[in-house]
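Please work through the exercises below with the sequence and the three-dimensional structure at hand, trying each task before reading its solution.

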Amino acid sequence: MSGNELLSDQGLRIDGRKPNELRRIRCSLGIFSQADGSAYLEQGNTKVLAAVYGPHEIRGSKSKALHDKAFVNCQYSTATFSMGERKRRPRGDRKSTEMSTHLEETFAAAIRTELYPRSQIDIFVEVLQADGGNYTACVNAAMMALVDAGVPLKDTVVSCTASLVKDVPLVDVNHVERSGGSPELVVSILPHSGEIVYMSLTQRFHIDHLSKVLDTAIKGCKDIGAILNEIMKGHLTKLDTSLQAS
Amino acid sequence: MATDHKTLQPLEFYKTFLDRKSRPDGRKLLEFRKMTLNAGSIGTADGSAIVKCGNTTVICGIKAELAAPEREEPSKGFIIPNVTLPSLCSSQIKSGPPGETAQAATQFIAELVNNNIIMDLETLCIKVSKWAWVLHCDLLCINLDGSLLDACVMALVAALKNLKLPIVSYDEEMDKLISNPDEKMGFDTIKQPVTSTFSLFDNGILISDPTFEEEQLAAGLTSITMEGTSVTHMYKPGGCTLDEKQVKKLIQQSELKTKEVARLIEEACSSSIAER
């Protein structure tokens, strides 16, 4: 355990951030012509692409159709060159399948699926460069792509991670901190209602710490939500002015 | 009105444009789309490049490994290309195992590699019959809008030029490899092939750099690969026929594109070196 190095005596993290500081977020919407909605998101060195197709007719086996709501299909895939070691299978392995299922469940909770019975919404995410917090970056990118596609949402979904080193909660954990053996709590919330849609914890810490780590993660989610909201607004105003001009 | 015509009779709609020597996106028949190239944007890869030809976007990431060369060719390294078309790149691509388009593109690139059109594989050898570099070149198409091969070849060449590997030498006495991770080297023996794709229509009309729609409507496709002024590879998978005069015209057009691409690669690689 290199817990001591992860947080210096001055209270700074390995990449020079403060414990409650997020990594830089950059995001652009509507980058693909083919997809109905798309987004590219950078959270520090983690770079993710997301594309949304639909709502459209059910593809493949018709048995997947739900009579009262839309079926949300997600695919999580990591590029073979995204990590230190070359990844043999970009998708279809156990980890990616698990991630896909989590994404499906998260977005099934956020999308107003009841508006599109018997149809399908595809969400594809591709991790181009992985540096920790892949799942959270994917959720955030997919949410932006859904907004770009104009799919009705109950609320935006934002996701963030938090960790605990030397009893200090850290927000938005990167790869070094994650592989340094510190615990990681992943939380996805609906920021307006404050509801938690997804939560997972790796490694253990004492239950007394849970509330403060969870608070840190939720605070992180809300901060990310505010940043993404600004980007969203900027994109929509640009769209609006270009529409009025034409 | 125009959109109705387009959905009901796509080919007729298209031919009205061709008769007036223009295309729906405003290009002339033999005009290429705007190309952009960015090298070295993915930090986790040993070499990388992103290419945009019109809407078609391809990312190439190279990961290097060490392995023993094949017994039949003990002085050659390996380049293993792999073209992936994930379902996010187009609504026409189904998820699941790689489809025909992806496999055909992979095979096309592998052919260029095996014919030493991209680089001399012997430069990847560290010690004959003991150690050689394996370059896994993964080409990921993130937006598919026609002329996939053009973008793939361009991305691959730019990523190879961007490639930086640790200097590794073989110690005979100890029988092991010695490397210094701080010192990096590139390969300067990479050739610069450029592929240009053309669509053919049955009335003898040729168009260059087709979009996805144009590829679907066309009666045939041809890809010509050139390096400088010499033709290194030609690929025409069936469809309608070509005569000699047309082939000459296509080669002329490819030559123009070759110059433009060479300039782009030069620019992108020199700027990414300056950043380092």
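**Exercise 1.** Determine how many residues of chain A are in contact with chain B, and which elements of chain A contribute to that side.

*Solution.* Taking two residues to be in contact if their C-beta atoms, placed from the backbone, lie within 7 Å, one finds 23 residues of chain A against 26 residues of chain B. The model is a predicted one, in which local features need pLDDT of at least 70 and side-chain atom pairs count only at pLDDT 80 or more, whereas totals for chains, interfaces and linings use all residues. Residues are numbered from 1 along each chain as its sequence is written, and chains are lettered from A and ligands numbered from 1 in the order in which they are written.

Next, assign the residues to elements, which are DSSP runs numbered from the N terminus (helices: H or I, at least four residues; strands: E, at least two). Those giving two or more residues to this side of chain A are strands E3 (46-57), E4 and E5 (119-129), and E5(A) supplies the largest share, 4 residues.

Finally, sort by class, with Ala, Val, Leu, Ile, Met, Phe, Trp, Tyr, Cys and Pro as nonpolar, Asp, Glu, Lys and Arg as charged, and the others, Gly among them, as polar. The side of chain A that touches chain B then divides into 12 nonpolar, 9 polar and 2 charged residues.

**Exercise 2.** Give the strand order of the sheet in chain A that has mixed pairing, and identify its edge strands.

*Solution.* Two strands pair if DSSP finds at least two bridges between them. On that basis, 5 strands of chain A make an open sheet in the order E1-E2-E3-E5-E4, with E1 (25-29) and E4 (71-78) at the edges, each pairing on one side only. Strand E1(A) is joined to E2 (residues 37-43) of chain A by 5 bridges, the two running antiparallel, and within E2(A) the bridge partner of A:Ile25 is A:Gln43. Neighbouring strands of this sheet are turned by 15° against each other on average, direction ignored; axes here are lines fitted to C-alpha atoms, for helices over the stretch in contact, and angles run from 0 to 180 degrees between N-to-C directions.

**Exercise 3.** For the open sheet of 4 strands in chain A, explain why one side of each edge strand is left without a neighbour, and find which helices lie across the sheet.

*Solution.* The order is E7-E6-E8-E9 in chain A, with antiparallel pairing. Strands E7 (168-171) and E9 (195-202) of chain A each have a single partner strand, so one side of each lacks a neighbour in the sheet. The average turn between neighbouring strands of this sheet is 25°, direction ignored. In chain A, E6 (residues 158-165) is linked to E8 (residues 184-190) by 5 bridges, and A:Cys160 stands opposite A:Val187 in E8(A).

As for the helices of chain A, H2 (residues 94-110) lies across E8 and E9, running at about 160° to E9(A), while H5 (residues 207-245) lies across E6, E7 and E8, at about 145° to E6(A).

**Exercise 4.** Describe how H2(A) meets H3(A), and state which residues take part.

*Solution.* The axes of H2(A) and H3 (residues 134-149) of chain A come within 11 Å and cross at roughly 40°. H2(A) is therefore oblique to H3(A), given that angles under 35 degrees count as roughly parallel, over 145 as roughly antiparallel, 65 to 115 as roughly perpendicular and the rest as oblique. From H2(A), A:Met99, A:His102, A:Leu103, A:Thr106 and A:Phe107 meet A:Tyr135, A:Cys138, A:Val139 and A:Ala142 in H3(A), a contact with 7 nonpolar, 2 polar and no charged residues.
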